[in-house]
Amino acid sequence: MKLDGILPFARQLLEKALSLGDFAVDATLGNGHDTLFLARLIGESGMVYGFDIQEEAVLNTQKRLEDQQLADRVTLFHKGHENIINCVPQSQHGRIKAAIFNLGYLPGGDKAIVTTPSTTISAIEQLLEIMAPEGIIVLVIYHGHQEGEIERDALLPFVKQLEQKDVHVLQYQFINQQNNPPFIIAIEKR
Ligand code: SAM
């Protein structure tokens, strides 16, 4: 297939948004795959701020980073992403160039612990305040499970009503695939 799959497309957006020395957010650590990807993009002079409500996710991510000797360019918070604005140092407000949310549950973990619309929306609002112009938020929405459908149905109307003068909002989705595969919403601050 020549068309980019969902996860490769998400990563391309992050690559476009980030350069060495930049600041980024991983809003849902999970097993730390995205954190590691961001840590490589921002280099040793940048910083990634990572969030997860599950200790298991924070520990998995810490281990993955240590294995690659990249832990010193990441600050991990065992906290929900709805605390982003209070956790990212004031000196970095206005300087965050990219953020990724991989929504849903921790793969291999407790499927009952999922991201929720109100906290996800609160985190997006906070990020829009502290991102740099042309900063990009990437949301990967998994709507193949019941809570994911609920989150999708709350997030789509929210992102659609964001003002065009403030943000560009993109939806990237395969529309003829079975079993509701994930899709992307990307929000670029103007
Ligand atoms: N990006 C991860 C990776 O690369 O492995 C996968 C993330 S997983 C799909 C979703 C994660 O979101 C879970 O680990 C879950 O604990 C976390 N989560 C749920 N609610 C959250 C919240 N309010 N703030 C931060 N993380 C949350």
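Reader: With 5 C-beta neighbours inside 10 Å, does N179 count as buried or exposed?
Author: This is a predicted model, so what follows is computed from it. N179 sits in the loop between β6 (167-172) and β7 (183-189). A residue with 12 or fewer such neighbours falls in the lowest class, and N179 has 5 of them inside 10 Å, so it counts as exposed.

Reader: What's the phi of N179?
Author: N179 isn't a glycine, yet its phi is positive. The value is near 65°.

Reader: And N180, what class of exposure does it get?
Author: N180 is also in the loop between β6 and β7, and has a positive phi of about 45° although it's not a glycine. The in-between class lies above 12 and below 20 neighbours. N180 has 14 C-beta neighbours inside 10 Å, so it counts as partly exposed.

Reader: Which residues does L162 touch, leaving out those up to four places away in sequence?
Author: L162 lies in the loop between α6 (146-160) and β6, and with 15 C-beta neighbours inside 10 Å it counts as partly exposed. The C-alpha atoms of L162 and I187 are separated by 9.4 Å, though the two are 25 residues apart along the chain. Contact here goes by C-beta atoms within 7 Å, and on that basis L162 touches V167, V169 and I187.

Reader: Let's move to helix α3 (residues 55-67). How far apart are its end C-alpha atoms?
Author: There are 13 residues in α3, and at 1.5 Å a residue they should span 18 Å. The model agrees with that, because the end C-alpha atoms are 18 Å apart.

Reader: Which residues of α3 are buried, and what do they pack against?
Author: The buried ones are A57, N60, T61 and L65. They cover an arc of only 130° around the axis, which puts them on the same side of α3. An α-helix has 3.6 residues a turn, so residues three or four places apart point the same way. The buried residues of α3 pack against α2 (33-42), β2 (47-51) and β3 (74-77).

Reader: Which exposed residues does the other face of α3 carry?
Author: Look at the face of α3 turned away from its buried side. There you'll find E55, E66 and D67.

Reader: Over in α2, what arc do the buried residues fall within?
Author: The residues in question are D34, T35, L38, A39, L41 and I42. Seen down the axis of α2, they line one face of the helix, because they fall within an arc of 160°.

Reader: Which residue with a positive phi follows α2?
Author: Just after α3, Q69 takes a positive phi of about 55°. The one following α2 has a phi near 70°, and that's G43.

Reader: How many residues of β2 are buried, and which residue stands opposite M47?
Author: β2 is mostly covered, with five of its five residues buried. M47, Y49 and F51 point one way, V48 and G50 the other way. β1 and β2 run parallel and are joined by four bridges. Opposite M47 in β2 stands F23.

Reader: Last one, the ligand: which residues are closest to it?
Author: In all, 21 residues surround the ligand. By class, that shell has six nonpolar, twelve polar and three charged residues. The closest are T28, G30, H33, G80 and N102.

How values were computed: Residues numbered from 1 in each chain as written. Predicted model: local features only at pLDDT ≥ 70, side-chain atom pairs only at ≥ 80, totals over all residues. Near = placed C-beta within 6 Å. Nonpolar A, V, L, I, M, F, W, Y, C, P; charged D, E, K, R; others polar. Helix = DSSP H or I, 4+ residues; strand = E, 2+ residues; numbered from the N terminus. Expected span 1.5 Å × (residues − 1). Arc of directions from axis to C-beta. Contact = placed C-beta atoms within 7 Å. Pairing = 2+ DSSP bridges.
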